[in-house]
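Here is a short round of questions and answers on how the labels in this model are earned. Each answer sets a value against its cut-off.

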Amino acid sequence: MKKTNAVTHVILTGGVGSRLWPLSRKSQPKQYLDLFDGKSLFEMTVERNRNLVDTVMVVGNTDNCHLSRMVLEKSATAYVDIIESTPRNTAAAIAFAAFASDPDTVLIVTPSDHIIDEMERYEQSIKEAVDKASKGYIVTFGIIPTKPETGYGYIERKGEDVLSFREKPNKVSARDFIEKGNFLWNSGMFCFKAGVFLEELKLFNPEVYEKSKIAWDANIDGKLDLDLSLAIPSISIDYAVMERSRKIKVVSSEFTWSDLGSFESVYDYLVSKGHAIDAHGNMVIGKAVYTAFVGLKNTIFVSTESANLILQKESSQEVKNVYNELERKKSHLLE
């Protein structure tokens, strides 16, 4: 891919994958689970972008930076390591990456826990986004939807122009979005020059900008101070910049994409890769102990050494309620 600006892949590794408990734990979040043909989502994220960029940068935290390091050392991938002392959401995380970069460097910002297939289409979308970013735009990647999904946010667009961002809809609104034909799934992936992002952040959320800069200027080998970090407002890039900037463009993307944010999406992916299900659509994920389902359909049995989960596939989004209840009780089962 021909590049006129230096390009850096910024991988955001925060999040614990609460909807994938009990597989995903604080000590081993979903992006580091070797569930996918013997690889983790983080490893797959590194691999698909490594040859498209000049630099790899990881924005992690004190709890998971060692997990990222193991993957990157295994593949002999050089990278810039930024270690947050406490989570302050995506606006600050991306600001740190931008402060660590030359203002003209194009940043491709992605989560570390997504599944992406059809690499030719993916690379075409990246190329289009880098081209727009080189011209001073802030680019978001919208995925052409395949169904009225309620687990994703949406982007309303007219051509490459963004009309609005929508929160995760209910089933009626999701069907309405699909019928209208000009809505895309919000992938949570972005592309922009480091300097352009910082200009817009400073314009629309000067407090996040200033306090992130103070924390960054005091970093030691990429590690951020806890007290300075706690002073930064916790706000997403969507609220801080994307919903307010007039420089936003969207790349309408046709590659296969999933954020694997629920057991339903994990189920669908594993089925596509040949994972076993019984005649009624029931699946076991985890320990290879003989399991039989009687009188059940589309049920997922998640088995680990310390906890089991049994759920209807269609109720996958509700797993977070179990996680929240365990968190309220300060349960060791989250560790």
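Q: What makes the meeting of the Asp-268 and Lys-147 side chains a salt bridge?
A: This is a predicted model. In it, the N to O distance for Asp-268 and Lys-147 is 4.0 Å. The rule asks for a Lys or Arg side-chain nitrogen within 4 Å of an Asp or Glu carboxyl oxygen, so the pair counts.

Q: How do you know that this pair links distant parts of the chain?
A: Asp-268 sits in helix H10, residues 263–272. Lys-147 lies in the loop between strand S6 (138–143) and strand S7 (154–158). The two residues are 121 residues apart.

Q: Why is Asp-268 called partly exposed?
A: Its relative accessible area is 34%. Buried needs under 20% and exposed needs over 50%, so Asp-268 falls in between.

Q: What other partner does Lys-147 have, in a salt bridge with closest N and O atoms 3.7 Å apart?
A: The partner is Glu-149. The 3.7 Å distance is within 4 Å, so the label holds.

Q: Why do Lys-147 and Glu-149 carry the burial labels they do?
A: Lys-147 has 33% relative accessibility, so it is partly exposed on the 20% to 50% scale. Glu-149 has 14%, which is under 20%, so it is buried.

Q: What makes Lys-39 and Glu-47 a salt bridge?
A: Their closest N and O atoms are 2.9 Å apart. That is within 4 Å, so the pair qualifies. Lys-39 is partly exposed at 30%. Glu-47 is also partly exposed, at 32%.

Q: How many salt bridges does the rule give, and which residues are linked in a network?
A: The count is 21 salt bridges. The network links Glu-128, Lys-132, Glu-160, Asp-161 and Lys-249.

Q: Why is Glu-156 called buried?
A: Glu-156 is found in strand S7. Its relative accessible area is 16%, under the 20% cut-off, so it counts as buried.

Q: What makes the pairings of Glu-156 with Ser-164 and Arg-166 polar contacts?
A: The side chains of Glu-156 and Ser-164 come to 2.6 Å. Those of Glu-156 and Arg-166 come to 3.1 Å. The cut-off is 3.5 Å between N or O atoms, so both distances pass.

Q: Which residues does Glu-156 contact, leaving aside neighbours within four places in sequence?
A: They are Asp-161, Val-162, Leu-163, Ser-164, Arg-166, Asn-182 and Phe-183.

Q: Why is helix H3 described as largely enclosed by the rest of the structure?
A: Helix H3 spans residues 89–99, and 9 of its 11 residues are buried, so the description follows. Among the buried residues are Ala-91, Ile-94, Phe-96 and Phe-99.

Q: How many cavities of 30 Å³ or more are there, and what lines the largest?
A: There is 1. The largest cavity has a volume of about 30 Å³. Its lining is Arg-48, Asn-49, Thr-110, Pro-111, His-114, Ile-116, Tyr-122 and Met-189. Helix H1 (41–50) and strand S4 (106–111) are the elements that give two or more residues to this lining.

Q: How do the residues of that lining divide by type?
A: They divide into 4 nonpolar, 3 polar and 1 charged.

Terms used: Residues are numbered from 1 along each chain as its sequence is written. This is a predicted model: local features need pLDDT of at least 70, side-chain atom pairs count only at pLDDT 80 or more; totals for chains, interfaces and linings use all residues. Side-chain values use heavy atoms; hydrogens and water are left out. Buried means under 20% relative accessible area, exposed over 50%, partly exposed in between (1.4 Å probe, protein chains only). Helices (H or I, at least four residues) and strands (E, at least two) are DSSP runs, numbered from the N terminus. On a 1 Å grid over the protein atoms alone, a cavity is a set of points where a 1.4 Å probe fits but cannot get out, and a pocket is an open set with protein on both sides within 12 Å along at least five of seven lines; lining residues have an atom within 4 Å of a point. Grid points are joined across faces, edges and corners, and a volume is the space filled by probe spheres set on the points. Ala, Val, Leu, Ile, Met, Phe, Trp, Tyr, Cys and Pro count as nonpolar, Asp, Glu, Lys and Arg as charged, and the others, Gly among them, as polar. A polar contact is a pair of N or O atoms within 3.5 Å; within protein, one must be able to donate a hydrogen and the other to accept it, and residues adjacent in sequence count only if both atoms are side-chain atoms. Contact means heavy atoms within 4.5 Å.
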